[in-house]
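Colleague: Could we go through this structure together? I should like to start with a single residue and then widen the view.

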Amino acid sequence: MTDPRPPGPSAPDAPLPGTSLPGDAERCLGAAGIPAAEVAACAPMAGGTYNTLLRLRLRDGARLVLKLPPPRHAPALTHERDLLRGEAAFFRAAAEAGVPVPEVVAADHDFVLMTECRGSGWHQAPPPASERDRLRRDLGVLAGRLHGVAGPRFGYPSGAIPAANGWRGTFLAMLAAVLADAERFAVPLPVPAERVRALAEAAAPALDEVAVPSVVHFDLWEGNVLLADGAISALIDGERMMWGDPLAELASLNLLGEPEDDAALLAGYAAAGGRTVFDEAAHARMALYRCYLYLIMLVEVAPRGYGTERRALLDARVVPALHAALARLG
């Protein structure tokens, strides 16, 4: 099912007017050893809702993308502090797994400079229906490769939410953080926070089955998959990655449905060594991860300043999905 979020940035070919660099961009390029005089053209990239992206063309022909976070004083959810640490960590881990991603040229807590990848977002130029199953299978293969890479610990690379001892404690801390964000931003939830906490605590023993922290993109909707020449050319926007349960990926890959609804993706995932037989504990974990994703989507309306139309879309599609996920836990 189509992700109700606005499209994220992709990398279609486009003219690059102008050479004026924002001050932050010049500083970041300097940290990467690239003098501002080497920039032949610079233009903003549209589509993102949180970070700022600039497309750069150097005088030697190299094409780069610079991603910058919002100002430190801008309102944000707890897990979004130093979010770009996850971007660099994801791209490096994915490259290790043989997954096509931008190459990290330079990175710090407040910027990522990467190569620009060919292609357009899947959602921007959908492939013919006859090609969809093949591409979903290919996406499943890439997800399976990702999950074969183990991380150093559970949780977000930024440490914005301190990791606990094991996946159960770490995930419950992540869930508690977004519930606290709802209170901090005075966002009315469709379900009392106490009810969410109670259901999560009851289902939490299922989380203990996760012993190895795997690389999880956690935002692999089709807007973050680039296509070129009929194939997947890159996975992008890895900033929301975590080290956690691979099943969390399957929850985000089919955000408003069940993994069994996407047989082609599961076939590719199994071919790459992924788990595709789901017992009751697995379904409980995926319901927990959906609840977490849905709560993020509902709470971020406040710091993002979403308008009436966007809120109505969330009410129509995400709120019923949240109730369904909680019912699965209950």
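Modeller: Let us begin with Leu 84, which touches Asn 51, Lys 67, Leu 68, Pro 69, His 109, Asp 110, Phe 111, Val 112 and Glu 239, not counting residues up to four places away in sequence. Contact here means heavy atoms within 4.5 Å. Please note that this is a predicted model: local features need pLDDT of at least 70, side-chain atom pairs count only at pLDDT 80 or more, and totals for chains, interfaces and linings use all residues. Residues are numbered from 1 along each chain as its sequence is written, and side-chain values use heavy atoms, with hydrogens and water left out.

Colleague: Where is Leu 84 found, and is Leu 84 buried or exposed?

Modeller: Leu 84 is found in helix α2. Helices (H or I, at least four residues) and strands (E, at least two) are DSSP runs, numbered from the N terminus. With a relative accessible area of 1%, Leu 84 is buried. The cut-offs are under 20% relative accessible area for buried and over 50% for exposed, with partly exposed in between (1.4 Å probe, protein chains only).

Colleague: How far apart are Leu 84 and Asp 110 in space?

Modeller: Their C-alpha atoms are 6.5 Å apart, while in sequence the two residues are 26 residues apart.

Colleague: Next topic: what about Leu 235 in strand β9?

Modeller: Leu 235 has 0% relative accessibility and therefore counts as buried. Leaving aside neighbours within four places in sequence, its contacts include Phe 91, Val 99, Leu 139, Leu 142, Leu 146 and Leu 220. The C-alpha atoms of Leu 235 and Gly 121 are separated by 9.5 Å, although these residues lie 114 residues apart along the chain.

Colleague: And how do helices α3 and α7 pack?

Modeller: Helix α3 (residues 129-146) and helix α7 (residues 263-271) pack at an angle of about 35°, and their axes are 6 Å apart. Axes are lines fitted to C-alpha atoms, for helices over the stretch in contact, and angles run from 0 to 180 degrees between N-to-C directions. Among the residues making the contact are Arg 136, Leu 139 and Gly 140 of α3, and Leu 265, Gly 268 and Tyr 269 of α7.

Colleague: Which classes of residue make the contact of α3 with α7?

Modeller: There are eight nonpolar, three polar and three charged residues. Ala, Val, Leu, Ile, Met, Phe, Trp, Tyr, Cys and Pro count as nonpolar, Asp, Glu, Lys and Arg as charged, and the others, Gly among them, as polar.

Colleague: Which phi values deserve a look?

Modeller: Most residues other than glycine have a negative phi. Asp 82, however, has a positive phi of about 55°, and phi of Asp 229 is near 55°. Asp 82 is in the loop between β3 (63-68) and α2 (84-96), and Asp 229 is in the loop between β8 (225-228) and β9.

Colleague: Is each of them buried or exposed?

Modeller: Asp 82 is buried, with a relative accessible area of 18%, whereas Asp 229 is exposed, at 70%.

Colleague: Finally, how many helices and strands does the chain have, and what is its radius of gyration?

Modeller: The chain has ten helices and ten strands. Its radius of gyration is 19 Å, which agrees with the value near 20 Å for a compact globule of 330 residues. This radius is taken over C-alpha atoms, and the globule rule is 2.2 Å times the number of residues to the power 0.38. Of the 330 residues, 56% count as buried.
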